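User: I am new to this structure and would be grateful for a close look at a single part of it. Please consider the aromatic rings, and add whatever context helps in reading them.

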Amino acid sequence: MRKFKDWFYERTGFDDFINFLKKKNVPRHMYTFWYYWGGAILVLFFIQIITGIMLLLYYKPTVEAAHKSVVKIMNEVPLGWIIRSIHRWSAYLMIAFVFVHLFSTLILKAYRKPREITWITGCLLFIITLAFGFTGYLLPWDEVSLAATKVGTDIPRTIPIIGIWITKLLRGGEDVTEETLTRFFAFHVCVLPLLIFAIIGIHLILVQKHGMSIPISIEKKKNTIPHIPFYPNFLYREIIFWLLIVGIVITLAFLFPASLGKEADLMAPTPKGVKPEWYFLFLFQTLKLFPSKILSIPGDTFAVLLILIAGIIFFFLPFLDKKPAGKSGKLITYFVYLLIIYMIVMTIWGYVS
Amino acid sequence: MKSKFILVKIILIILIISLPVFTLDSISQSKNTKNYEIKPSPKNIRESTALYVYLLWIWLVIFVLIYIFILKIKEVDRMYKMKFESYKNRDRLINTK
């Protein structure tokens with residue numbers, strides 16, 4: 001075993017990597033808990049890859065076969081229903097954890113200098129994660145997913161000048177058809193994974209370069225902050241968190257397995273009361289709040305533009321909040337808390353309405 | 001100490017593999033494919049028992065693994081503290097002022 005280890009290290013330089021991890025420090029303070037979420041997202045992403053590849057072995061991305069292949073996965077493929085349920089629940093948890101990671105970064109002001117590009121790559125990963133959810137939702141080709149995709153791909157149409165082009169690009173034509181299914185499948189299993197791998201790589205390199213951000217309140221209190229080595233001290237703690245997550249995903253997949261609706265019919269009218277997935281509900285509900293016209297601009301165009309502007313501000317926040325790392329910036333903190341409350345209220349409202 | 005850990009790991013792996021996983025495969029499945037929602041659920045008491053037993057087993061394995069890792073954390077923290085105090089390794093403290 002030792003001989004093999006030496007042989008392997010000599011050829012791969014893996015021992016250098018281990019030494020690097022041993023030298024890497026992680027600050028230890030009352031907010032260290034928030035450092036675990038990025039790693040947890042990665043674990044969920046790997047669960048997604050493994051279960052996704054398993055589903056890919058049986059899934060057929062055509063209008064005639066998509067729904068039937070999912071039925072086959074659930075009814076005939078050994079443990080297929082569990083794999084599909086784990087895929088769905090790990091996706092839900094991954095999205096939820098991305099939200100938590102994003103908001104904790106905002107509240108702890110970890111986006112400030114010199115971590116501006118880390119923040120931007122994080123925002124891109126957030127958008128890609130949502131895009132994974134959106135494209136994956138159509139793939140079972142059931143009635144609800146078709147209707148939700150029709151509504152979802154229709155929203156960009158309200159953007160002036162480029163809106164119609166975006167809708168056509170997403171749908172592969174004027175309406176949601178087999179072209180849309182093919183495109184969403186290609187995005188879900190090829191384009192988005194390539195993008196996410198590249199951006200995760202950059203994000204991780206930047207995190208290694210700048211180290212973990214230390215919260216302002218901790219910096220103010222102490223002159224020196226205790227650190228622990230990443231390997232093995234911090235990694236063991238992370239593994240405990242990962243084990244709990246795996247347990248939660250499996251439990252949810254068993255107790256609340258993913259169901260499948262009626263097969264989608266392109267000729268059938270859109271069913272009433274169609275709602276998007278929970279992570280888009282707050283946006284969906286926000287769009288419903290706007291009147292049909294505001295200052296002679298159509299209400300939905302106004303709403304979409306407003307959301308887009310908010311998104312751009314969010315994206316470039318480190319360049320707008322240029323306070324030195326030590327300054328607290330309480331206004332942004334209060335705004336983030338308000339945003340979290342707004343999102344929760346809107347999601348609940350959207351769910352019950 | 002190390003060999004004990006290896007032994008525990010091997011036992012855990014054997015226990016996991018020996019689970020009656022395939023009894024779970026029969027859970028689910030109404031055969032309607034076109035007109036109704038398909039929702040996997042246990043068909044009888046035997047299947048629902050198998051499901052809960054499996055879940056219980058998973059959590060048992062997870063808690064055993066967590067216990068092992070807690071012990072390991074205590075050990076590596078102690079070793080790090082010893083090394084840190086004996087060598088006065090100031091590199092592990094970052095001056096923020």
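Analyst: The following account begins with confidence, turns to the aromatic rings, and ends with the enclosed space.

The model is predicted, and the predictor gives the complex an ipTM of 0.86 and a pTM of 0.86. For chain B, the mean pLDDT is 72, with 49% of its residues reaching 70 or more. Within chain B, confidence is highest in helix 3 (residues 45-87), at a mean of 89, and lowest in helix 2 (residues 22-25), at 48. The pLDDT is below 50 over residues 25-34 of chain B, a stretch that has 30 contacts in the model beyond near neighbours in sequence.

Over all chains, the structure holds 37 aromatic pairs. One of them joins Phe99(A) and Phe103(A): the ring centres are 6.4 Å apart and the planes lie at 20°, so this pair is stacked. Both residues belong to helix 5 (residues 80-107) of chain A, where they are four residues apart, about one turn of the helix. Phe99(A) and Phe103(A) are both buried. Elsewhere among the ring pairs, a cluster links Phe33(A), Trp34(A), Tyr36(A), Trp37(A), Phe97(A), Phe230(A), Phe234(A) and Phe241(A).

As for enclosed space, there is one cavity of 30 Å³ or more. The largest cavity has a volume of about 50 Å³. Its lining includes Glu143(A), Leu146(A), Lys150(A), Asp265(A) and Pro269(A). By character, the lining residues of the largest cavity divide into five nonpolar, three charged and one polar.

Technical notes: Residues are numbered from 1 along each chain as its sequence is written. Chains are lettered from A and ligands numbered from 1 in the order in which they are written. This is a predicted model: local features need pLDDT of at least 70, side-chain atom pairs count only at pLDDT 80 or more; totals for chains, interfaces and linings use all residues. Side-chain values use heavy atoms; hydrogens and water are left out. On a 1 Å grid over the protein atoms alone, a cavity is a set of points where a 1.4 Å probe fits but cannot get out, and a pocket is an open set with protein on both sides within 12 Å along at least five of seven lines; lining residues have an atom within 4 Å of a point. Grid points are joined across faces, edges and corners, and a volume is the space filled by probe spheres set on the points. Ala, Val, Leu, Ile, Met, Phe, Trp, Tyr, Cys and Pro count as nonpolar, Asp, Glu, Lys and Arg as charged, and the others, Gly among them, as polar. pLDDT is the predictor's confidence in each residue, from 0 to 100. Helices (H or I, at least four residues) and strands (E, at least two) are DSSP runs, numbered from the N terminus. Contact means heavy atoms within 4.5 Å. Rings of Phe, Tyr and Trp (its six-membered ring) pair if their centres lie within 6.5 Å; planes under 30 degrees apart count as stacked, over 60 as edge-to-face and the rest as tilted. Buried means under 20% relative accessible area, exposed over 50%, partly exposed in between (1.4 Å probe, protein chains only).
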